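Work through the exercises below with the model open beside you. Try each task before reading its solution.

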Amino acid sequence: MDFFHRLFAGVTCRRAAWPLVVAILYLPAEAVVAQKGELLTLPDAIARTLAQNPQLAVFPLQRKKLAGAARTAALRPAFDFRFETERKHFGGDEPDEAPDPEDAAANELELVVALSSVIELGGKRQMRVDVVSAQLDVLIAEEQARALDLLGEVIRRYTQVLAAEELVVLAKEKVSLARETLKMVSERVIAAASPVSERMRAESTLAKAVLAEQSEQSMLVYRKYALSALWGQPEQAFDVDARALYRFAPGASFEELYARAQENPAIARFASEERLRASQLRLVQANSSPDLGWYAGVLVNRAVDETTALAGFNLPLFTAKRNRGALISATAELEAVALRRKAALLQLYPQLYLAVSNRKQALDTVFTLQDSVIPNLRQALGEVERSYRHGRDSYLDLIAAREALIGAERARIEAARSVLLFGAEIEQLTAGPLGPLGLESRQ
C-alpha cells in the first residue's frame, strides 16, 4: 500500500499529484496522447480539477486550524497574578470604628501579592495533544476520500463527454442515411415505382434525424460544460479523442478487488476516527483526575511593618463522579465507530459485486455488438438497399433495417459508456487500478 500512500500524499500537497492519480485511477482513455491544439486528455482534466476545485481548497485551511489547536493543546496551565490592596481608616466617632488600642496607626494599608496556577494530573496535556493529532489523521483521511470521490467524478464526466462525442457522430450518420433514403425514394417516386407518401415519410424521417443531431450536439455542449465546471472554468472549447471510449482495461478478480476495497480511504477513515475516539476517551478518563490548584504570595502591612507569606492548595472533590456522564458518552462514541465500519463493509460487498458484474455484462454486450450484431446488420442493410432499388423489398423494410443498425450502434455506445462508468466506480471503491496489481499491459 506504499504506492497508494504516495498517491494520497500527492493529493494532500496537491502538487504533481495527477501522474500518480492517473497511474491508479486510470480510465483506458489514458492512452490518449496529448496533441497540439485543444485536445483535452484525462490527465489534463484531473490536473486542472486537483489544482482548482474548491472542494479540496478547504482542507489546507482546516489543517491550519488544527495546527492552531495543537499549539493551544500543548500549552501548560496559565499563571494567575493577584494584586489586592485594602486600606482601613479609623477616624469616626462610632465605637465600632475606633482603632485597636494596641495599634497606634490611624490608617492601616494591607497589600496582597500572589501567584497561582494549576498542576494538571493524569497526563491531560499529552492527552489533548493526542486528540488534536488524531483529528489531523481524520482530516487527512477525509481529504483522501474527498479527492477520490472528486477524481471518480472527473472520470465519469470525462466518459460522458466521450460518449456524447460518439452519439453526435452516430446522429450525423443517421442524418446521412436519411438523406440517402430520401434520394432513393425520390428516384422511385419519379419512376412511378413508389407512391408520393413514401417520399413524404422519408422527408419527415430526415427532419427528425436533423433534430436528433441538434439535440445530441446540445447534450455534448452540456457534458463539456459539466466537465470543465469541476475546475471552476465552465467552457466547451476543447476536444477529446472519442476512440478512448472503446479502450477497456483488464479487470482483476472480485476477490482481489474486494480485498483492496476494505482498505480504501472511505473505510480507512473509520480507523482514523476510531483512534480519535480512543484519544478522546483517554482524555475524558484523565479528566476524572482532579487538578491540584496552588497559590503563593505575600501580605504586606505597612502600618506595622509586617510581611506575611501566603501559600496554599485546593483540590476539587468528587471529580470522577461528576465526570462519569462524559465517560459514558465517550465510550459509546468509540463503540459506535466500530459498528459504522461494520455497516460500511456490509454495504461495500454488494455495491462492489454489482459494479463488477454489471461491468462484465456491459463488456459482453460491447463485444457481441461490435463482433457479430453490427457487422451482420450492416451487411443486411446493404442487401435491403439493393432489394429496395429493384423493388423486392418495401420502404418499411428499408427503414427497419436502418433503424436496427442505428439502434445497435447506439447500444454499443451505451454499453461502452457503462463499461467505463462501472470501471470508474470499481476504482473509486478500491482506491486502486481496475486490473491486477503490477499488470502493465492494456487490452
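**Exercise 1. The nonpolar cores**

Task: In this predicted model, how many residues does the largest nonpolar core have, and which residues have the most contacts inside it?

Solution.
1. The largest nonpolar core has 61 residues.
2. Those with the most contacts inside it are Ala45, Tyr158, Leu162, Leu227, Leu245 and Phe248.
3. Helices α3, α4 (54–73), α5 (124–190), α6 (196–228), α10 and α11 (395–430) each supply at least two residues of this core.
4. The most is given by α5, with 21 residues.
5. There is also a second, separate core of 18 residues, which includes Ile267, Ala344, Leu348 and Ile426.
6. As background, nonpolar side chains in soluble globular proteins tend to be buried together.

Task: Leaving aside neighbours within four places in sequence, which residues is Leu245 in contact with?

Solution. With those neighbours left out, Leu245 is in contact with Thr159, Leu162, Ala163, Glu166, Ile413, Ala416, Arg417 and Leu420.

**Exercise 2. The two sides of α4**

Task: Check the span of α4 against 1.5 Å a residue, then find where its buried residues lie.

Solution.
1. The expected span is 1.5 Å times one less than the number of residues.
2. For the 20 residues of α4 this should come to 28 Å, and the end C-alpha atoms are 29 Å apart, which agrees.
3. The buried residues of α4 are Leu56, Phe59, Leu66 and Ala73.
4. These residues are on the same side of α4, because they cover an arc of only 60 degrees around the axis.
5. On the other side of α4, the exposed residues are Pro54, Leu61, Lys64, Lys65, Arg71 and Thr72.
6. The cover over the buried residues of α4 includes α3 and α5.

**Exercise 3. Helix α7 and its surroundings**

Task: Which residues of helix α7 are buried, and what covers them?

Solution.
1. In helix α7 (residues 254–261), Phe254, Leu257, Tyr258, Arg260 and Ala261 are buried.
2. They cover an arc of only 160 degrees around the axis, so they are on the same side of α7.
3. Their cover includes α8 (265–287), α10 and α11.
4. Leu352 lies in helix α10 (residues 324–389) and is buried, because its relative accessibility is 0%.
5. Beyond its neighbours within four places in sequence, Leu352 is in contact with Phe254, Leu257, Tyr258, Ala261, Ile426, Leu429 and Thr430.
6. The C-alpha atoms of Leu352 and Ala261 are separated by 8.3 Å, although the two residues are 91 residues apart along the chain.

**Exercise 4. Aromatic pairs**

Task: How many aromatic pairs are there, and are Phe248 and Phe367 buried or partly exposed?

Solution.
1. The count comes to 6 aromatic pairs.
2. Phe248 and Phe367 form an edge-to-face pair, 6.1 Å centre to centre with 75 degrees between the planes.
3. This pair links distant parts of the chain: Phe248 is in the loop between α6 and α7, Phe367 is in helix α10, and they are 119 residues apart.
4. At 6% relative accessible area, Phe248 is buried, whereas Phe367 is partly exposed at 27%.
5. The rings of Tyr258 and Tyr349 have centres 5.0 Å apart and planes at 75 degrees, so this pair is edge-to-face.
6. Tyr258, in helix α7, and Tyr349, in helix α10, are 91 residues apart.
7. Tyr258 counts as buried at 18% relative accessibility, because the cut-off is under 20%.
8. Ring pairs link Phe254, Tyr258, Tyr349 and Tyr353 into a cluster.

Methods. Residues numbered from 1 in each chain as written. Predicted model: local features only at pLDDT ≥ 70, side-chain atom pairs only at ≥ 80, totals over all residues. Heavy atoms only, no water. Helix = DSSP H or I, 4+ residues; strand = E, 2+ residues; numbered from the N terminus. Buried < 20%, exposed > 50% of the residue type's maximum accessible area, 1.4 Å probe, protein only. Contact = heavy atoms within 4.5 Å. Core = buried A, V, L, I, M, F, W, Y, C linked by side-chain atoms within 4.5 Å. Arc of directions from axis to C-beta. Phe/Tyr/Trp six-rings, centres within 6.5 Å; stacked < 30°, edge-to-face > 60°.
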